[in-house]
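Here are my notes for your first look at this structure. Keep the sequence and the 3D view side by side as you read.

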Amino acid sequence: MKRAKHIMMVMTAAPVLTGAAAMMAPKPTIGQAHKVPNFVESPNGQGISRTLTTAASFDLSNPFFKPLGTNGRTCATCHPVNQGLTFTPDYAQQVFTSTQGLDPLFAAVDGANNPLADMSTVAARATNCSMLLTKGLIRVGLPVPANAEFSLEAVDDPYGYASAKDVSCFRRPLPSTNLRFLSAVMWDGRELLNNGSVQAALRSQARDAVLGHEQAATAPTEAQITAIVNFETHLYTTQVYDVDAGDLDTRGIAAGPETLLNAVFAPGFNDAFGLARPLQRFDQNVFNIFVPWMGARAPMGRTAPKFNDLQAAQASVARGERLFNTRQFTISNVAGLNDLLGKPRIVGTCSSCHSLPNVGSNALPLFMNTGVSDASHRTADMPLYTLKNQKTGEEVQTTDPGTALTTGKWADIGKFKVPSLRALETQSPYMHNGFSGELLDIVDFYNKRFNIGLSAQEEADLKAFLKTL
Ligand code: HEC
Ligand code: HEC
C-alpha cells in the first residue's frame, strides 16, 4: 500500500473525479434528496475504479445514507460509494486524522479491538482501533452456537476480550456492490445459511447491520429495508484505469462496470465440480477481458527498439488472465471441496473455484477452508482460538472459526465463501482477515499452498491481471 506516488500519477493522467465523489464523503448531508450522476470514479492504490448505479442516480436520501441507530453510523460509514462500497486502511486513517478518531466509524462496539477498552483520548482511540487503522478490519462478534460440535477450549486474544459468548472475528468489509452475483452473503455465509435465499439474506443483513453496526434499539421498518436493498442491488463496480496498463475500457477491452450489466448469473452457473443441478458445462476461461492484449510482445534482446512500457504492461495483464484460466495445479486438503467431492486430489485452475464468468465469485454457496485462518498464518495482532471436538477430543487452532460459528459443525471450521474478484484494488488488504495488502503476496500464498510452481514472472503477470479487475 506504499502507493501515494501512484495516486498522484493517476490524478494528473486522468483527472476524471466527478463532483459526486466529493459529495459522497463520509458524512453526506441528511434529510434532503440530493441527486448526483449515475456513476462515481475514485482513485485507489493502482488506478481508478468506477461505481455505477442502474438507477437514475445515486439517491443520497436513501436510508442507506441515514443513521438509523444510536451511534451516528450509516451503511455508508463502512460502505462509502466513493471508495467502491468498502474502504481501505488508508481511508480509515484519513477519517481518523480528520476527526481525531471521533467519527462514528470508530464506534467501540466493533470499530475497537475490545469494545470495553478506553476510548477517552485520541491516543487511546488510536491504540484500541489499531485493527481498523492498520488493516481496515471490523470486529465481527459471534457466539459459539449452543449445540456446537465443539467447545472453545482456549482464547489467546491480544485485546483481552473474546469469549465463547462473543468470539472476535476481525473481518474486512465486503463491498456492498456487484451484489447480483452473490450466492452467499457475508464471508462465512451466515446470512444466507440463516435465511435460505440471497434476497432474504440481504434483507436480514440490512436489518442486522442496523441493529448491530448502527446499534439501533429497534429494527428498521420493512420499507427502509426494501429501500436499502433496492439501492445496493443496483450497484456495479470495477477498475477502469490502471497505472501500468492504462485505460481498461477502451480499444476492444470489455472492462468497466457497464460490462457487468450483461454478465450472466444463475445459481450454479459454470460450476466446475459437477455439484450444480442441472449439471453445468464448465468453461475454464472464466475471464476473457484482456485477450486482445495478448498480441503485445516483449522486446527481443538488448538491441531491440525501445519497447513501449504500456504495451509490455498490457501483455503482462493478458498473460496473467490466461494463467488464471489455464494454469493447472492440484487442489488438496481444502475442507468444503476435496471432502465434499470425495476426491483428495483435484486438478484445477484459479478459475475452478473462482468460476463465475468475468466476476470470479462462485455461483454455488460453497464454503471452503483454504488455510487463511490457520494458526500457521496467525500474526501477533490476531486472536487465536483453540476449539475442541466434543466427541473425539481433537483440538484445532484458528484465528477465525468461519462458517462453524453459524452451523456449529466441526467440519465447517475455517470455511469462507469464494469472493468476487472485481475492483480488488478498492478492497486491499485481501482475504477475510486482511491477510496481505499486496496482491503479489496473495498469488504467492496460492503458489505455496497448492505447490503451483509459478515463476517470478508468472506471479507478476497474475498480479498485473488481478489489479486491473
Ligand atoms: C461498521 C462497519 C459496517 C457498517 C456500518 C455496515 N457494514 Fe456492511 N459489512 C461490514 C463488514 C465487516 C462486512 C463483512 C462481515 C462478515 O462477512 O462477517 C459487511 C458485509 C456487508 C454485506 C455482504 C456483502 C457480501 O458480499 O456478502 C452487505 C450487503 C452489507 N455489508 C451491507 C450493509 C448495509 C446495507 C449496511 C447498513 C444497514 C451496512 N452494511 C453497514 C461492515 C459494515
Ligand atoms: C480451492 C478453491 C480456490 C482456488 C483454487 C483459488 N481460490 Fe482464491 N479464494 C478462495 C476462497 C475460499 C477465498 C476466500 C478465503 C478467505 O478469505 O479465507 C479466496 C480469496 C481470493 C482472493 C481475495 C479476494 C478478496 O476479496 O480479498 C484473491 C485475490 C484470490 N482468491 C485469487 C486467487 C487466485 C489468483 C487463484 C489461483 C492461483 C485462486 N484464487 C485460487 C478459493 C479459491
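In what order do the four strands of the open sheet lie? Point 1 takes this up. One caution before that: this is a predicted model.

1. **The sheet.** The order is S2-S3-S8-S9, and the pairing is antiparallel. S2 and S9 are the edge strands, since each pairs on one side only. S9 covers residues 246-247. Trace the order in the 3D view before you go on.

2. **S2 and S3.** S2 spans residues 39-44 and runs antiparallel to S3, with six bridges joining the two. To find one of them, start at asparagine 44: its bridge partner in S3 is glycine 47. The connection between S2 and S3 is a hairpin of two residues.

3. **S3 and S8.** On its other pairing, S3 meets S8, which covers residues 235-242. Seven bridges join these two strands, and they too run antiparallel. Arginine 50 has its bridge partner in S8, namely threonine 238.

4. **Cover over S3.** Are the residues of S3 buried or exposed? Seven of its seven residues, 47-53, are buried, and the strand is described as mostly covered. A general point helps when you look at the side chains: in a regular strand they alternate between the two faces of the sheet.

5. **S8 and S9.** Two bridges hold this antiparallel pair together. Look for aspartate 242, which stands opposite glycine 246 in S9.

6. **The ligand site.** Where does ligand 1 sit? It occupies the largest pocket. There are 29 residues around ligand 1, and those that come nearest are Cys75, Cys78, His79, Met186 and Arg190. Select these five in the viewer as a starting point.

7. **Who builds the shell.** Helix H3 (75-78), strand S5 (138-142), helix H9 (198-211) and helix H10 (222-232) each supply at least two residues of the shell around ligand 1. Which of them gives the most? That is H9, with five residues.

8. **Polar contacts of the ligand.** Three are worth finding. A polar side-chain atom of histidine 79 lies 2.8 Å from a nitrogen atom of ligand 1. Tryptophan 187 uses a polar backbone atom, which is 2.8 Å from an oxygen atom of ligand 1. Lysine 417 has an N or O atom in its side chain at 2.9 Å from an oxygen atom of ligand 1.

9. **Glycine 84.** This residue is in the loop between H3 and helix H4 (89-99). Why does glycine 84 count as buried? Its relative accessibility is 1%, and buried means under 20%. Leaving out residues up to four places away in sequence, glycine 84 touches Thr51, Pro175, Thr177, Thr237 and Thr426. Look at the last of these. Glycine 84 and threonine 426 are 342 residues apart along the chain, yet their C-alpha atoms are separated by 6.0 Å.

10. **Two cis peptide bonds.** Check both by eye. One joins arginine 277 and proline 278, with omega about -5 degrees. Proline 278 is in the loop between S9 and H11. Another joins serine 428 and proline 429, where omega is also about -5 degrees. Proline 429 lies in the loop between strand S15 (416-417) and H15.

11. **Positive phi.** Asparagine 178 is not a glycine, but its phi is positive, about 55 degrees. Asparagine 178 lies in the loop between strand S7 (167-171) and helix H8 (190-195). It is buried, because its relative accessible area is 6% and the cut-off is under 20%. Methionine 186 is in the loop between S7 and H8 as well. Its phi is positive too, about 85 degrees, although methionine 186 is not a glycine. You have met this residue before: Met186 is among those that come nearest to ligand 1.

12. **Helix H16.** Which residues of H16 are buried? In this helix, residues 456-466, they are Glu459, Asp461, Leu462, Ala464, Phe465 and Leu466. What covers them includes helix H11 (309-326) and helix H15 (439-449). Show these helices together to see the cover.

Definitions and conventions
Residues numbered from 1 in each chain as written. Chains lettered and ligands numbered in written order. Predicted model: local features only at pLDDT ≥ 70, side-chain atom pairs only at ≥ 80, totals over all residues. Heavy atoms only, no water. Buried < 20%, exposed > 50% of the residue type's maximum accessible area, 1.4 Å probe, protein only. Pairing = 2+ DSSP bridges. Contact = heavy atoms within 4.5 Å. Near = heavy atom within 4 Å. Polar contact = N/O pair within 3.5 Å; in protein donor to acceptor, adjacent residues only side chain to side chain. 1 Å grid on protein atoms, 1.4 Å probe; cavity = no way out; pocket = protein on both sides within 12 Å on 5 of 7 lines; lining within 4 Å. Sits in = over half its atoms within 2 Å of the grid points.
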